[in-house]
Amino acid sequence: MPVTASRAVLRQSQFLTRRTAIRHASTGPEASKAKEAASSAVSKASEGLSRVTASAGPILSNATQALRKVGGRTGKVISFVDSLIPPTVYYSKVAFELAKLVFRGQNMYPPNLATFQSYFQPLINAARNPATIKNLNLPSTQGIVARVRNANKKEIAFAGVTAAEVIGFFTVGEIIGRMNFIGYKGEAHHDH
């Protein structure tokens, strides 16, 4: 918690530095005093952050070492979870970077808050008052069939590629889960 607090202090001092520099963007002596005060605040905040980080490191290391010494089932669980942390962090960073590349490549942007509200408001109202479910504008099966019939080549190709991706990811997940390319491991059946 102290590391988070010192990061917040550092961010606040950087904000104040920028704000002071913008406000005092003249060439007079006031501007140089403001810049000196701002740089002093930033250096003090970064010194505080480095002190907190330096003192938190040994504490976390000692706690981790103490947890690793626990024996029995609890020790096995702790060592298992401890062994999963580095790959989880690594692969989450990889997935985040890959998602950023995909979003930029497809020119995708998250919807604004008004879009979320307009989309979910009928569902929230239906949850509050179940009698309003009849009034929701849900697509009928005829509407879905008509949309599929009237789809152009680009939409059909996009749906096909998406279906192939889903099937591919499912297949790779199954292979990883089974630890085998073909079939599931199970009990051998013996005929008597």
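Leu-84 sits in helix α3, which covers residues 72-105. In this predicted model, the residue is partly exposed, with a relative accessible area of 38%. Leu-84 also has company at the surface: together with Val-77, Phe-80, Val-81, Ile-85 and Val-89, it makes a nonpolar patch of about 510 Å².

Ile-85, another member of that patch, is worth a look for the path of the helix. A kink of about 30° lies at Ile-85, shortly before the proline Pro-86. Even so, the end-to-end reach of α3 is close to expectation: its 34 residues extend 50 Å from the first C-alpha to the last, against the 50 Å expected at 1.5 Å a residue.

Farther along α3 there is a charged pair. Side chains of opposite charge can pair when their charged atoms come close. Here Glu-97 forms a salt bridge with Lys-100, and their closest N and O atoms are 3.4 Å apart. The two residues are 3 apart in helix α3, which means that about one helical turn separates them. Both partners are partly exposed, Glu-97 at 41% relative accessibility and Lys-100 at 27%.

What follows α3? The helix is followed by Asn-107, whose phi is positive, near 50°. Most residues other than glycine have a negative phi. Asn-107 is not a glycine, yet its phi is positive at about 50°. The residue belongs to the loop between α3 and α4, and at 57% relative accessibility it counts as exposed, because the cut-off for that class is over 50%.

On the other side of this loop comes helix α4, made of the 16 residues 113-128. At 1.5 Å a residue α4 should span 22 Å, and its end C-alpha atoms are 21 Å apart, so the two values agree. This helix has a bend too: about 40° at Phe-120, with a proline, Pro-122, following within four residues.

Helix α6, residues 153-178, holds another charged pair, Arg-178 and Glu-174, which are 4 residues apart and so separated by about one helical turn. These residues form a salt bridge in which the closest N and O atoms are 3.6 Å apart. Is Arg-178 buried or exposed? Arg-178 is buried, with a relative accessible area of 16%, because buried means under 20%. Its partner Glu-174, at 23%, is partly exposed. The count for the model comes to 2 salt bridges, and the table sets out their closest contacts.

| Salt bridge | Closest N and O atoms |
|---|---|
| Glu-97 and Lys-100 | 3.4 Å |
| Arg-178 and Glu-174 | 3.6 Å |

Now for the wider view. The protein has 6 helices and 0 strands, and reading along the sequence gives the pattern α-α-α-α-α-α. Of its 192 residues, 7% count as buried; Arg-178 is one residue in that class.

How confident is the prediction, and where does that confidence vary? The mean pLDDT of the protein is 76, and 67% of the residues reach 70 or more. Among its elements, α6 has the highest mean pLDDT, at 91, while helix α1 (residues 2-23) has the lowest, at 57. The salt bridge between Arg-178 and Glu-174 therefore lies in α6, the element with the highest mean value.

Conventions. Residues numbered from 1 in each chain as written. Predicted model: local features only at pLDDT ≥ 70, side-chain atom pairs only at ≥ 80, totals over all residues. Heavy atoms only, no water. Patch = residues over 30% accessible without salt bridge, like charges linked within 9 Å, V, L, I, M, F, W, Y side chains within 5 Å. Areas by Shrake-Rupley, 256 points an atom, 1.4 Å probe, with all protein chains shown as cover. Salt bridge = Lys/Arg side-chain N within 4 Å of Asp/Glu carboxyl O. Buried < 20%, exposed > 50% of the residue type's maximum accessible area, 1.4 Å probe, protein only. pLDDT = per-residue confidence, 0-100. Expected span 1.5 Å × (residues − 1). Bend = angle between axes of the 7 residues up to and from the residue.
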